[in-house]
Amino acid sequence: MRLSLSVLLVTLGLCCYEGNANICPAVISEIRSTILDPKFLYMYLAQHFQIPEDLAQAQVETKTCIDKLSYERLLKVAMTLENIYLSCNK
């Protein structure tokens with residue numbers, strides 16, 4: 001539950017930033033992949049970003065935690081994020 005709340009708060013922060021209310025499609029794709037994709041596919045897609053090794057390790061740990069949530073909860077988080085995206089990109 002706490003991890004879901006963290007993802008939601010980060011997304012709200014990205015969405016409600018005064019400089020630009022539009023969310024970058026790459027960010028949406030990354031968040032969706034983090035929540036719904038299997039670990040091997042998430043890792044494959046994450047390779048497109050050239051990030052430091054310590055950040056990559058943190059992503060793996062986060063994905064491991066997210067994978068422990070039930071699929072129903074993951075869908076609820078994804079639906080909430082979709083609603084945020086739609087309200088920000090009007």
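This is a walk through the structure, from the overall fold to single residues.

The model is predicted. The chain has 90 residues, of which buried residues make up 23%. There are five helices and zero strands. Read along the sequence, the pattern is α-α-α-α-α. Contacts reach across the sequence: among those between residues at least 6 apart, 72% join residues at least 24 apart. The chain exposes about 6500 Å². Carbon and sulfur atoms supply 63% of that area.

Start inside. The largest nonpolar core has 10 residues. Its members are Val7, Ile23, Ile31, Ile35, Ile66, Leu74, Val77, Leu81, Ile84 and Cys88. Helix 2 and helix 5, the latter spanning 71-88, each supply at least two residues of this core. Helix 5 gives the largest share, five residues.

Now turn to helix 2, which covers residues 25-36. Helix 2 has 12 residues. From first C-alpha to last, helix 2 reaches 16 Å, close to the 16 Å expected at 1.5 Å a residue. Its buried residues are Glu30, Ile31, Ser33, Thr34 and Ile35. Two of these names, Ile31 and Ile35, also appear in the core list. Glu30, Ser33 and Thr34 are buried as well.

Ser33 deserves a closer look. Why does Ser33 count as buried? Its relative accessible area is 1%, and buried means under 20%, so Ser33 falls in that class. Which residues does Ser33 touch, leaving aside neighbours within four places in sequence? They are Tyr42, Leu45 and Lys63.

Lys63 leads on to helix 4, residues 53-67. Lys63 is in contact with Ser33, and the side chain of Lys63 also meets that of Asp67 in a salt bridge. The N to O distance is 3.0 Å. Both partners lie in helix 4, four residues apart, about one turn of the helix. Their accessibilities fall in separate classes. Lys63 has 0% relative accessibility, so Lys63 counts as buried. Asp67 has 36% relative accessibility, so Asp67 counts as partly exposed.

How many salt bridges does the structure hold? There are two. The other pair is Arg32 and Asp37, whose side chains meet at 3.0 Å, N to O. Here the carboxylate partner is the buried one: Asp37 has 10% relative accessibility and therefore counts as buried. Arg32, with a relative accessible area of 37%, is partly exposed. Each bridge thus pairs a buried residue with a partly exposed one: Lys63 with Asp67, and Asp37 with Arg32.

Finish on the surface. Which residues make the nonpolar surface patch of about 350 Å²? Phe40, Leu41 and Tyr44 do. Leu41 lies in helix 3, residues 39-46. Leu41 has 31% relative accessibility, so Leu41 counts as partly exposed. A residue needs over 30% relative accessible area to enter a patch, and at 31% Leu41 clears that cut-off.

Terms used: Residues numbered from 1 in each chain as written. Predicted model: local features only at pLDDT ≥ 70, side-chain atom pairs only at ≥ 80, totals over all residues. Heavy atoms only, no water. Patch = residues over 30% accessible without salt bridge, like charges linked within 9 Å, V, L, I, M, F, W, Y side chains within 5 Å. Areas by Shrake-Rupley, 256 points an atom, 1.4 Å probe, with all protein chains shown as cover. Salt bridge = Lys/Arg side-chain N within 4 Å of Asp/Glu carboxyl O. Buried < 20%, exposed > 50% of the residue type's maximum accessible area, 1.4 Å probe, protein only. Contact = heavy atoms within 4.5 Å. Core = buried A, V, L, I, M, F, W, Y, C linked by side-chain atoms within 4.5 Å. Expected span 1.5 Å × (residues − 1).
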